[in-house]
Amino acid sequence: MTDAPVINAPTTTARAAVLAVVGAGPRATGVLERIAANASELWEGRLLHIHLIDPHPPGPGRVWRHEQSPLLRMNSMAEDVTMFTDESSVIEGPVRPGPTLAEWAARFSGGEVRFAPYAEPADPDVFAELRGLEGSDFATRRAQSAYLDWVFRRTLAELPSHVTVEWHPTTATAVTGPPDGPQQVHLSDRATPLTADMVLLTQGHLDAVPGAGHLELSRFARRHGRFHLPPAFSSDVDLAGLRPGEHVILRGFGLAFVDLMVLLTEGRGGTYRSEADGSLTYMPSGREPVLYVGSRRGVPYHSKTRYQLQGPRPPLPRHFGPAAVDALLAEGRPLDLRHDVWPLMAKEIGFAHYHELFHAHPERTTLPWRDFLAAYDRLGWYSGEMTALVAVAVPDPADRLDFEALDRPLDGLAFPASDAFQEHLRDYIAQDVARREDPAHSADLGAFLALLSVYGQLPRLVASGRLTARSVADGLDGWWHGFFSFLASGPPGFRLRELLALSRAGIVRFLGAELRVGTDEDSGAFTASSPTVPGHTVTATALIEAYLPGASLGRTEDPLLRGLHGAGALSEEVLSDPTHTHRSGLLTVTTDGASHVVDPTLGGPHPRRIALGAPTNVRGVAAFARPRTNAPAFRQNDAVARALLKTLDTAVGGEAPASRPPSGSAGSGR
């Protein structure tokens, strides 16, 4: 998007309600779409002017902007990405379906009428990709950028004529104003702030100033002329300082590592050759560094499945839904995630796994599904009876669901030499890729769908305040988030095939689990070791923290949130119990659906400020979703859009529809 439109600009000088939205990525677009959907019920005939404030293009925003490497891809299939509600959405406002990324792209190659408003992507490479995009393809992030741009434009077109939108391609630096009056939103490129009745914060994932440990490593690197990269967004980092052949330690084996791997190999001119057996051979350019990678688990995230369910969709939730959460809360006592909640979560995931196995692959089971389910429903996940039931009904251990084995695949293993471990991990990765691309193992997809369902139930449990602080810190934000990401948020299979090729070429070397990183002042080198290969230590002249910055209001680089935090006008989530206090670094918002910012100076919620998305304590809610999963993001967007319209109606006090947008609002909106 190259312009900054104001659509349906009002021609009266009456008093309009004004909403300022800070952050114009997919989360903001989702709320705008819900405003459009709910306007006929809640905002009929009134003037509403919306300021969108973001230096990056509205729709894609920063993370999904077009201006990033064309090599970077999504980790979801094109048919599994949507910005629209559907028949599964449990919302108060109207359901307004729309195309998935795959359905939208298909109109560029077919002869049917294209989705309006039609706009051919300006980038010919993206246009060519969209014309050939299949539902099971993992699109480039630039293709997703084009989709999000179109969704934003469609949302603008669907707003009623009395709702106008203006984009300010700049940074919001502060917000001020009384709780019972207009808010002033200060921008980095103008002296006069914008005045708004309500402010919605949707900044998305944020950068953070490195913490004390990372600062010490950076100081070490400067002292010795070395390279250290603290946690950062891979698409934004400068890797030019890494020399060809330089030994680099990467701490982290998830999606950030995969992006860095791509940028430092194929991004430096390397290519892959396909072999007759389906494997890849890496052809180096000579400009690559040597990458040593390890993490707590010591293995990469599981690759994404590339098939559909072979049986009927499992009816979720069954064992961990609203009724189960109600029952937990009714106990009226502190809850421990691993002891009280996880067994129900595990049973839910197991139900979906076995539902698919029994329905799609009955030849690998020994009991009728009805008999198995009757016993399964009454047994605890970790009971001996459940273990016996599964052993009888599912003869092959490879078809059984063992969370502990999945979680720590290197536990108890030690290798006499690094080369032996390289062979072991290459075999592990190859088996994972083969399994995730073979529909014979479609039970894994059933488990994946249940993982999404389980995640959608957790925000309510957290909001109840019944989970102990230690459970949130070590369980929810620690183990569970990591385990979910490991199982459900991995890379496409072809990325792991590339990893195998890089390993065989000696460009990537595996370090092992429980990675220990240190420094050596005498040599000026970073060191890395793992109990997976006892006695083996790697030295390197560069260290990359291959993971995203953690949430931290105290260290955020967002000037608006940093200012509010410094002034005590917003609250970091702090959870306490008799044995533990947990500061999550997340912005506290109300749990009533409206998501108002909790302002300690007021002793409660700020009635004119709302926040959504990654920086808030409503955890694990992505801005877009898999279709037909009753996505939590869409439920939140609908609730917040309705709350905004109702509050704005009160804020303008029933006055006549009002003001023209500020002078110069057409065009750049600056």
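**Notes on the predicted model**

1. Start with a small sheet. This is a predicted model. In it, three strands form an open sheet in the order β5-β6-β7, and their pairing is antiparallel. Strands β5 (172-176) and β7 (194-196) stand at the edges. Each has a single partner strand, so one side of each lacks a neighbour in the sheet. Direction ignored, neighbouring strands here are turned by 25° against each other on average.

2. Look closer at one pair in that sheet. Strand β6 (residues 183-187) and β7 run antiparallel and are joined by three bridges. Which residue of β7 is the bridge partner of Gln184? The partner is Thr195. Strands of a sheet pair through backbone hydrogen bonds, either parallel or antiparallel.

3. Now a parallel case. Strand β10 (residues 247-251) runs parallel to strand β13 (residues 290-294), with five bridges between them. His247 stands opposite Val290 of β13. Strand β10 also pairs with strand β18 (residues 542-545), again in the parallel sense, over four bridges. There, Ile249 stands opposite Leu543 of β18.

4. Next, another antiparallel pair. Strand β16 (residues 525-529) and β17 are paired in the antiparallel sense over four bridges. Ala528 has Val538 of β17 as its bridge partner.

5. Strand β17 (residues 537-540) deserves a second look. Which of its residues are on the covered face, and which on the uncovered one? Val538 and Ala540 make up the covered face. Thr537 and Thr539 make up the uncovered face. In a regular strand, side chains alternate between the two faces of the sheet. Val538 thus appears twice in these notes: on the covered face of β17, and as the bridge partner of Ala528.

6. Turn to the helices. Helix α15 (residues 493-504) has 12 residues, and at 1.5 Å a residue it should span 16 Å. The C-alpha atoms at its ends are 17 Å apart, which agrees. After α15 comes Gly506, with a positive phi near 80°.

7. Is α15 mostly covered or uncovered? It is mostly covered, with nine of its 12 residues buried. Among the buried residues are Leu496, Leu499, Leu500 and Leu502. Arg495 and Glu498 are also buried, as are Gly493, Ala501 and Ser503. The buried residues of α15 pack against two helices, α6 (255-264) and α12 (418-436). They also pack against the strands β11 (271-274), β12 (280-283) and β14 (508-512).

8. Two other helices cross. The axes of helix α8 (residues 337-360) and helix α13 (residues 443-463) come within 7 Å. They cross at roughly 150°. Angles over 145 degrees count as roughly antiparallel, and α8 and α13 are therefore roughly antiparallel to each other. Their crossing is right-handed. Two packed helices are described by the angle between their axes and the distance between the axes.

9. Who meets whom at this crossing? On the α8 side, the residues include Val341, Met345, Ile349 and Leu357, along with Glu348, His353 and Glu356. On the α13 side, they include Ala443, Ala447, Ala450, Leu451, Val454, Leu458 and Leu461. Asp444, Gly446 and Ser453 of α13 take part too.

10. Last, a residue at the surface. Asp125 lies in helix α3 (residues 124-132). Why does Asp125 count as exposed? Its relative accessible area is 62%, and exposed means over 50%. The C-alpha atoms of Asp125 and Ala143 are separated by 9.3 Å, although the two residues are 18 residues apart along the chain.

Definitions and conventions. Residues are numbered from 1 along each chain as its sequence is written. This is a predicted model: local features need pLDDT of at least 70, side-chain atom pairs count only at pLDDT 80 or more; totals for chains, interfaces and linings use all residues. Side-chain values use heavy atoms; hydrogens and water are left out. Buried means under 20% relative accessible area, exposed over 50%, partly exposed in between (1.4 Å probe, protein chains only). Two strands pair if DSSP finds at least two bridges between them. Axes are lines fitted to C-alpha atoms, for helices over the stretch in contact, and angles run from 0 to 180 degrees between N-to-C directions. The expected span of a helix is 1.5 Å times one less than its number of residues. Contact means heavy atoms within 4.5 Å. Angles under 35 degrees count as roughly parallel, over 145 as roughly antiparallel, 65 to 115 as roughly perpendicular and the rest as oblique. A crossing is left-handed if the near helix is turned anticlockwise from the far one by less than a right angle, and right-handed if clockwise.
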